[in-house]
Amino acid sequence: MNSVKAPRLWRSSTSAYTAPFFDFLVPALARYPNSRPYASTASSNTSNPSTSPPRDEPPKRQKPLTKEQRDFLDSALRVNQAGELAATLIYTAQTPPLLRTHPHLRSTMQHMYSQEAGHFSTFNALLARHRIRPTAMYPVWKVAASALGWGTAMLGREAAMACTEAVETEIGTHYNGQVRVLLAWMREMEDNGEEVGEEVRELVGELKRIRDEELEHLDTAVEEDSREAKGWPVLNTIIRGGCRGAIWVSERV
């Protein structure tokens with residue numbers, strides 16, 4: 001996407017989150033493919049008699065993404081990576097105090113954390129591949145996410161789950177918006193007789209998968225009595241507002 005070289009700041013961040021008490025609280029390290037920009041085509045066309053389309057069926061036009069589309073993807077992937085970083089840190093901070101009083105939640109916390117770590121690795125790889133800088137707010141989000149996770153866990157199981165419910169409500173809505181934009185692009189390309197690149201299709205699939213896993217966490221939180229937390233309406237409103245603010249800032253900074 002961008003021609004500027006990706007900063008190395010985010011590369012070192014994935015190795016820093018290890019909790020001494022619970023072995024599953026170690027984010028998976030991503031392998032970073034070689035960078036190449038998004039385009040609305042899956043790959044450049046190579047001439048091969050056995051694979052070339054028939055002469056009476058010319059191939060669809062191949063058109064790269066516009067600057068506006070590339071800027072949207074830069075912003076979207078940067079926010080997504082920051083959000084998944086925050087999610088792993090929230091669970092890392094919540095788990096030790098929560099499991100001391102509710103050990104039966106170990107498998108639930110491990111499952112949700114593992115999925116968030118996978119999401120984080122996915123977006124790390126995408127940022128590296130397309131040379132997108134991470135948000136400059138990294139240090140702030142790291143402290144804020146850790147404080148939010150620890151604070152809600154100290155308020156009890158219901159408050160910790162209320163945190164998950166609030167965060168996943170906003171994240172699910174955020175991913176839905178991105179999917180709608182990309183699907184609109186794809187329809188426009190197809191209507192114009194242009195080929196939709198495989199990378200764009202794969203990104204839509206990844207966003208749908210990650211969105212569904214986030215919404216699964218929301219359902220789990222509700223099942224674990226998130227709405228029984230003391231002051232749930234206020235807690236829910238504050239956390240959701242904080243998430244929307246963090247998204248807005250990360251899109252721009």
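In the predicted model, 1 cavity of 30 Å³ or more is present. The largest cavity encloses a volume of about 70 Å³, and its lining is formed by Ala87, Ile90, Tyr91, Glu116, Cys163, Thr164, Val167 and Glu168. Helices α2 and α5 are the elements that give two or more residues to this lining, with α5 providing the largest share, 4 residues. In terms of class, 5 nonpolar, 1 polar and 2 charged residues make up the lining of the largest cavity.

Val167, one of the residues lining the largest cavity, also belongs to the largest nonpolar core, which comprises 36 residues. Within this core, Val167 is grouped with Leu77, Phe123, Leu182, Leu203, Leu207 and Ile239 as the members that touch the most other members. At least two core residues are supplied by each of α2 (67–101), α3, α4 (138–154), α5 (157–191), α6 (198–223) and α7 (232–252); the largest share, 12 residues, comes from α5. When neighbours within four places in sequence are left aside, Leu182 is in contact with Leu73, Leu203, Val204 and Leu207. Another core, of 11 residues, lies apart from the largest one and includes Leu105, Met109, Tyr113 and Ala117.

Helix α3 (residues 106–129) contains 24 residues and reaches 34 Å from its first C-alpha to its last, close to the 34 Å expected at 1.5 Å a residue. Because 18 of its 24 residues are buried, α3 is largely enclosed by the rest of the structure. Just after α3, Arg131 adopts a positive phi of about 55°.

Methods: Residues are numbered from 1 along each chain as its sequence is written. This is a predicted model: local features need pLDDT of at least 70, side-chain atom pairs count only at pLDDT 80 or more; totals for chains, interfaces and linings use all residues. Side-chain values use heavy atoms; hydrogens and water are left out. The expected span of a helix is 1.5 Å times one less than its number of residues. Buried means under 20% relative accessible area, exposed over 50%, partly exposed in between (1.4 Å probe, protein chains only). A nonpolar core is a set of buried Ala, Val, Leu, Ile, Met, Phe, Trp, Tyr and Cys residues joined through side-chain atoms within 4.5 Å. Contact means heavy atoms within 4.5 Å. On a 1 Å grid over the protein atoms alone, a cavity is a set of points where a 1.4 Å probe fits but cannot get out, and a pocket is an open set with protein on both sides within 12 Å along at least five of seven lines; lining residues have an atom within 4 Å of a point. Grid points are joined across faces, edges and corners, and a volume is the space filled by probe spheres set on the points. Ala, Val, Leu, Ile, Met, Phe, Trp, Tyr, Cys and Pro count as nonpolar, Asp, Glu, Lys and Arg as charged, and the others, Gly among them, as polar.
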